[in-house]
Amino acid sequence: MPLITERGAPDPSSVDISLADGKTWAVAEETPVALIYDRRNYAVMLATPSDIADFAIGFSLSEGIVTAPDQIESIEILHKDVGIDLHIGLATDRLERLEIIQRRRNLPGRAGCGLCGLENAETLTAPLPPVAPRPADLAEDALAKALATLTNWQPLNTETRSVHAAAWCNAKGDILAAREDVGRHNALDKLIGANARNGVDHTAGFLVMSSRCSYELIEKAARAGIPTLASLSAPTAFAIRKAAEANIRLYARSGPGFVALG
């Protein structure tokens, strides 16, 4: 695991805004997070300033900069007056891979898009690797159990009603871990990072997203080796096609239950 150090005072994940009637309203914070690999500026993402080390690891895995967390040697979290700098030290053999990726991508910071800066459409439509020989089905009661308990793992959303969650469940539908963020893809990166740090076997459970399922979530799930994903809102057609390509079983909520897609 990387050596993690932190400097400066962390920003809160929410702030109270005063309203005209004298009441207060809790709103989610959104902070620029700069990812800097061995002094190379790579991306600036807008994210909720929580679980930042998990985000650094998960983002690095999702981007293909590393394939395992032990290829990250160090993470320095620097809290600044405006935003957070993540200084990430890589193993020597990953620097060449970083140079290749950086020539192909240039990510400006957005919370709502995980595909900014792609070089061309061919990069977007490149085949995803299959994560399993065939899609894996889930029991309806496991999906229902995860859905019924997800709110308990969303303290920031309970407070602000404005952030997404990514939750990891075992095959029975028990939620084992969850991460929140203003960006659904950031929440998933944080969860992937947390699971990587804890050595979680992604073939032994499934992912639940509180948001709709769009392409970038399928891409991140495929790179993390996650075979099953359930989203609480309808997916896009492109996401369905890419999930089928990667042999990811995709479920979406339909009324009180879920429907399997692909």
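## Salt bridges across the fold

A search of the whole structure, which is a predicted model, finds twelve salt bridges. One of them joins the side chains of D54 and R197, with a nitrogen-to-oxygen separation of 2.8 Å. This pair links distant parts of the chain, since D54 belongs to helix α1 and R197 to helix α6 (residues 184-197), with the two positions 143 residues apart in the numbering. The two partners differ in their surroundings: D54 has a relative accessibility of 4% and therefore counts as buried, the limit for that class being under 20%, whereas R197, at 36%, counts as partly exposed.

A further salt bridge brings together the side chains of D174 and K145, at 2.5 Å from N to O. Here too distant parts of the chain are linked, because D174 sits in the loop between β8 (164-170) and β9 (175-181) while K145 is in helix α4 (residues 140-149), and the two are 29 residues apart. D174 is partly exposed, with a relative accessible area of 26%, and K145 is likewise partly exposed, at 38% relative accessibility.

## A salt bridge within one helix, and a network

The side chains of R223 and E219 also meet in a salt bridge, with an N to O distance of 3.6 Å. Both residues lie in helix α7 (residues 215-224), and because they are four residues apart they are separated by about one helical turn. An α-helix has 3.6 residues a turn, so residues three or four places apart point the same way. R223 counts as partly exposed at 42% relative accessibility, while E219 is buried, with a relative accessible area of 11%.

Beyond such individual pairs, salt bridges that share partners join D51, D54, R179 and R197 into one network. The D54 and R197 pair described above, with its 2.8 Å contact, thus has both of its residues in this network.

## Helix α1 and its surroundings

How much of helix α1 (residues 52-62) is buried? Eleven of its eleven residues are buried, so the helix is largely enclosed by the rest of the structure. These buried residues are I52, A53, D54, F55, A56, I57, G58, F59, S60, L61 and S62, and the list thus includes D54, the acidic partner of R197 in the salt bridge. After the helix comes G64, whose phi is positive, near 80°.

## Backbone features in strands and loops

Two residues other than glycine have a positive phi and lie in loops. R39, with phi near 70°, is found in the loop between β4 and β5 (40-47), and this residue is exposed, with a relative accessible area of 83%. N247 has a positive phi of about 60° although it is not a glycine, and its place is the loop between α8 (237-245) and β12 (249-254). In contrast to the exposed R39, N247 counts as buried, at 16% relative accessibility.

Strand β4 (residues 31-37) contains A34, which counts as buried at 14% relative accessibility. The C-alpha atom of A34 is separated by 6.2 Å from that of I84, although the two residues are 50 positions apart along the chain.

## A nonpolar patch on the surface

Which residues form a nonpolar patch on the surface? The patch consists of I17, L19 and W25, and together these residues have about 290 Å² of accessible area. I17 is placed in strand β2 (residues 14-18), and, with a relative accessibility of 37%, it counts as partly exposed.

## The second largest pocket

Rolling a probe the size of a water molecule over the atoms shows where empty space is left. In the second largest pocket, this space comes to about 170 Å³. The pocket is lined by L147, L150, T151, Q154, N157, R161, V163, H164, S210, L232 and R253. Sorted by class, the lining has four nonpolar, five polar and two charged residues.

How values were computed: Residues are numbered from 1 along each chain as its sequence is written. Side-chain values use heavy atoms; hydrogens and water are left out. On a 1 Å grid over the protein atoms alone, a cavity is a set of points where a 1.4 Å probe fits but cannot get out, and a pocket is an open set with protein on both sides within 12 Å along at least five of seven lines; lining residues have an atom within 4 Å of a point. Grid points are joined across faces, edges and corners, and a volume is the space filled by probe spheres set on the points. Ala, Val, Leu, Ile, Met, Phe, Trp, Tyr, Cys and Pro count as nonpolar, Asp, Glu, Lys and Arg as charged, and the others, Gly among them, as polar. Patches are made of residues with over 30% relative accessible area and no salt bridge: like charges are joined within 9 Å, nonpolar side chains (Val, Leu, Ile, Met, Phe, Trp, Tyr) within 5 Å. Accessible areas come from the Shrake-Rupley method with a 1.4 Å probe; for residues, only the protein chains shown count as cover. A salt bridge is a side-chain nitrogen of Lys or Arg within 4 Å of a carboxyl oxygen of Asp or Glu. Buried means under 20% relative accessible area, exposed over 50%, partly exposed in between (1.4 Å probe, protein chains only).
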